[in-house]
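Could you look through the notes below with the model open beside you? They are arranged by topic, so each point can be checked separately.

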Amino acid sequence: MTKKTGAEILWECLVREGVEVVFGLPGGAIMPVYDAMLYYPVHHVLVRHEQGAAHMADGYSRASGKVGVALTTSGPGATNLVTGIATAIMDSSPIVCITGQVHAHLIGGDAFQETDVTGITLPVTKHNFLVTSADEVAEVVREAFFIARSGRPGPVLIDICKNAQIEEVDFIYPEEVSLPGYQPPTHAPLEDLKRAAELIEQAERPVILAGHGVTMSDAVDSLRVFATKTQTPVAMTLLGLGAFPASDPLSLGMMGMHGEAYCNLAIQNADLLLAFGMRFDDRVTANLRTYAPRARKIHIEIDPSEVHKNVEVDVALIGDLNTVLIDLIPLVDEYDHEEWRAEIEDWRSESQARDILTWPDDGKLYTAHVIRNIWEATGGDAILTTGVGQHQMWSAQYYCFEKPNRLITSGGAGTMGFGLPATIGAWFAKPDHEIWLVDGDGSFQMTQAELSTAIQEGANIKIAIMNNNFLGMVRQWQEFFFESRYAGTPLIGPDFVKIAEAHGIPARRVTETTEVLPAIEFARQTDGPVLIDFRVEKEEAVYPMVPTGADLDKMIRRPIRKQPTAAD
Amino acid sequence: MQLTLIALVENKPGVLNRVASLFRRRNFNIESLNVGRTEKPDISRMTIVMENGNVDARKVEANLYKLVNVIDVQDVTNQPAVTRDLALIKVSAKSEQRAEIANLASIFRARIVDVAPDSVIVEITGTEDKIEGLVELLRPLGILEMVRTGQVAMMRGTASGVRYSPGANGFRETEQVAD
Ligand SMILES: Cc1ncc(C[n+]2csc(CCOP(=O)(O)OP(=O)(O)O)c2C)c(N)n1
Ligand SMILES: [Mg+2]
C-alpha cells in the first residue's frame, strides 16, 4: 500500500469529491497543503481577504449546485471566514471550509496563530471537525462533503492540524460514510399526505409560498405541475425567486417586507398556505399574531426544527420537497379557483398603477429603471448577484426571474460585501453564462479588494454599482422612522471608475438616463470584468414596505404620481 | 412543569459542548443534564431535564437532530419511566446528632457514607421529590454542602418514550408511500 501525507490525502479526496476549484489564501499552518496542491488538478483562486474565499465558495455553490471550497490558514485566516460561513448557513449553502491549525500537541497552549476555530464556528456550521492525525483525513473529508450537500445543505468546516498534514499514513479511501445520527428524511408518511390533500380540496383561496428549498431540492418542475394542476397562485421568498417563472399568470412575485402588495394581500386573505421549502422568516411574515389569520397551513420541509418554529401549521410533511411533491401530486385533483385569481388580479392592477416603471421619464436616474434596463438587455437570463440594501430589493423586484439559480443574494444574513466575491465564485461555476453584479456603493466597498482577484483570474463579470452616496436602506429607515435624521448613513465614495481603472478594469460613469443603455451594451460587448458607476437618485425609497412589527398587509405604499397633463 | 428527554449521542470529544451550545443558542433552559456511558462503548447517553417555559419536547427533539452526532431522542416526560437522582449531602453533626440523622436516613433508604468529627455525608438515590423531602428534614440541622447528579431516566420494560419527528432519524421507520 502506498503511503501518503495527510496533505496529499486531502487533495486526493477533494478531487474524488469533484472539486475543480478552491478559493483561498495561504499561511504557516496550511503550507503543507498548499505545497501538495501543485500536484493535483485543482485550480486555486487567490483571494485578497478570506471573507472573500467563503463568499466565493458560496457563490460557486449557488450557481453550480455543487459544494464550494475555501482554504485558509489558522488564526486570523480562519476567523476571517466567519462572516462568510454565517452567511452560508443562513441560506443553507453547501460549502466546505478547510483551515490550518497548529500542531496537535500545541493545541491549548496559545501557540502562534492558534485560535479555537471549531469552537468559534460551532454555532454557524452544520457540522465541524478537528483533525489531529493524518489517518482521520480521508474519512473526515468524505463525511464533510456528504453532510454539506445532503439533507438541508449547509457549511461544514475542517480544521486540520499541521502534523496531520505532514504525517505519512496508508491511504484507504472510505467508500461508505457511516453517520448513525445523520439520516435526512426523504418521504413523508402517506397519512400526512392524504390529510394535506384533504385540506387542498377544501381550500378556495390557496397560495403557495415557494422558498429556497424548491431550487435546492430540484423541485422546480414539480412545483410547476402542482401549481398548474391546482391553479394555485405562487408567492416567492427572496431566495425562492426563479423557482416559478415570473411571467406565469400564477406568479405573485416576491412576498414580505418589500414584496408585491398584491402578493402580501393574497397571503393575508388566503384560506390555505402551502409552504414549500421556506421557513416563515420574520422578513416574510411581518407580525406573526396577525399573519394569514384565516389560513390553514401545510408545511413541506426537510428540517423538522423549522416546522412549527415561527408559525403553527396544520399539516407538516417532513421530507425532501421534490420527493414529497411527487408523492402528493397524484393525490390532489384539478381545481380552478377562478374567483380567487380574479380577486388577486384586481389587487395586481392597483399595484401596477403605482409602479415606478409607469412614471414618465423625468430625467432622473432611478435604480429600478437601471435594473429593468439590464433585465431587458440580458434577456432576463443573466445570473444576477447583489449586495445588501435597496439595490438588492430593487433587483428582486425588477429583474423578473424566469429560471432557478439566477439570483444569488445574501438573504437570511443580509451580508453587505457578499456581492463581488459571490460573483467571482459564480463565474467559476458558470464561466459561459452572462453574470451581472448589481451592488450598492456601501456594500461594494466592503469587499472591493476582490477586484484584483477578478482581474487576476480574468473573470468575465459585469459590475453595476447603484451609487446613491448613502447606506441607502438604513437611510430609508431613518427617513420613515427616525424623522430623516441621517446618522452615519451619508457615504462619500471614491471615484469607482478610477478604482476600476487602477485594476486594469474598463469602467464608465453614468449620470444621465440616456447613457444607461449604451453603458450596458459597452459592458456586454467588452470581454472580462467591466465596472459601471451609476449615479442614481440619492433619496429614493423601496416600496412597498411593511414596517417591522406591522401586519403584512399594512404596507407603506409608493404615492401615486399624477400623470403630467398638457397644462404642466 | 418539567420535560425529561433521553438522547443517545456518539461518544466523541466535543459532543456535550455541541448540545450545550445548541441549547444556549436556542434559548432552552437546562435544569439538569447528565451524560454517561452506556452498554455500547461508542454511544453515550444524556438525560436532559428542562423547564418547558417557551419550549416543548417536539421542538427540543427536532433541534437535537440537527446535530450530526445525536443518534436518538425520546421524550419520557409523564411516561412509565424510572427516573433517579443521586445526592450527597454533608450535614453538620456532633456525635449526639448522628443517631437522629441515621434515623431520618433509614426512613428514606439513604445511607451515611462518611462520618467526620463535626459532620456526616448522607447519600440518597431516588426521585426528585424523595430527595427534596430528605433535604427539607436535614436543613434545620445545617446542610454544609450538597451535590446532585441530576436525573437519569430509563423506560420500564419494552416501552419507549415519545418520538415526534418521523423520518428524522433511522430509529423510527416512516411509512413508505405506496405507488
Ligand atoms: C455587513 C453589514 N453591515 C451592516 C448592515 C446593515 N445594512 C443593511 S442595508 C445597509 C446599507 C447598504 O448600503 P449600500 O450597499 O450602499 O446599498 P443601498 O441600500 O444604498 O442600495 C446597511 C448598512 C448589513 N446588512 N451588513
Ligand atoms: Mg448606497
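The points that follow concern a predicted model, and they move from the ligand site to the nonpolar core, then to backbone geometry and single residues.

1. The surroundings of ligand 1 are a convenient place to begin. There are 17 residues around ligand 1, and those that come nearest are Gln390(A), Gly414(A), Asp441(A), Ser443(A) and Gly472(A). Sorted by class, this shell holds 7 nonpolar, 9 polar and 1 charged residues.

2. Three polar pairings with ligand 1 deserve inspection. The side chain of His391(A) places an N or O atom 2.9 Å from an oxygen atom of the ligand, while a polar backbone atom of Gly442(A) is 2.8 Å from an oxygen atom of ligand 1. In addition, a nitrogen atom of the ligand lies 3.4 Å from a backbone N or O atom of Met416(A). On its own, ligand 1 has 590 Å² of accessible area, of which the protein covers 77%.

3. As to which elements of chain A build this shell, two or more residues are given by each of helix H17 (390-398), helix H19 (441-446) and helix H21 (472-481). The largest share comes from H19(A), which supplies 4 residues.

4. The largest nonpolar core comprises 70 residues, and the members that touch the most other members are Phe226(A), Phe276(A), Leu317(A) and Phe534(A). Helix H9 of chain A (residues 190-202) makes the largest contribution to this core, with 6 residues. The core also draws at least three residues from each of two domains of chain A, namely domain 2 (190-348) and domain 3 (355-535).

5. Where does the backbone depart from the usual pattern? As a general matter, most residues other than glycine have a negative phi, and most peptide bonds are trans. The peptide bond that leads from Tyr543(A) to Pro544(A) is cis, its omega being near -15°, and Pro544(A) is placed in the segment after strand S20 (530-535) of chain A.

6. Two residues of chain A call for a check of phi. Phe280(A), although not a glycine, has a positive phi of about 50°; its place is in the loop between strand S12 (272-276) and H13 of chain A. Because its relative accessible area is 2%, and the cut-off for burial is under 20%, Phe280(A) is buried. His308(A), likewise a residue other than glycine, has a positive phi near 60°, and it lies in the loop between S13 and strand S14 (315-318) of chain A. His308(A) also counts as buried, because its relative accessibility is 18% and the limit is 20%.

7. Tyr291(A) and Trp359(A) are two further loop residues. Tyr291(A) is found between helix H13 (282-285) and strand S13 (296-301) of chain A, in the loop that joins them, and with a relative accessible area of 4% it is buried. Its C-alpha atom and that of Asp553(A) are separated by 9.1 Å, although the two residues are 262 residues apart along the chain. Trp359(A) is found in the loop between helix H15 (338-354) and helix H16 (367-377) of chain A, where it counts as buried at 13% relative accessibility. For Trp359(A) and Val67(A), which are 292 residues apart along the chain, the C-alpha atoms are separated by 44 Å.

8. Is Ser484(A) buried or partly exposed? Ser484(A) counts as partly exposed, because its relative accessibility is 38%; it lies in the loop between H21 and helix H22 (496-502) of chain A. Ser484(A) and Gly77(A) are 407 residues apart in sequence, and their C-alpha atoms are 40 Å apart in space.

9. In chain B, Ser44(B) is found in strand S3 (residues 43-51). At 8% relative accessibility Ser44(B) counts as buried, and its side chain makes a polar contact of 3.5 Å with the side chain of Asn11(B).

Methods
Residues numbered from 1 in each chain as written. Chains lettered and ligands numbered in written order. Predicted model: local features only at pLDDT ≥ 70, side-chain atom pairs only at ≥ 80, totals over all residues. Heavy atoms only, no water. Near = heavy atom within 4 Å. Polar contact = N/O pair within 3.5 Å; in protein donor to acceptor, adjacent residues only side chain to side chain. Areas by Shrake-Rupley, 256 points an atom, 1.4 Å probe, with all protein chains shown as cover. Nonpolar A, V, L, I, M, F, W, Y, C, P; charged D, E, K, R; others polar. Core = buried A, V, L, I, M, F, W, Y, C linked by side-chain atoms within 4.5 Å. Buried < 20%, exposed > 50% of the residue type's maximum accessible area, 1.4 Å probe, protein only. Domains from an automatic or database assignment.
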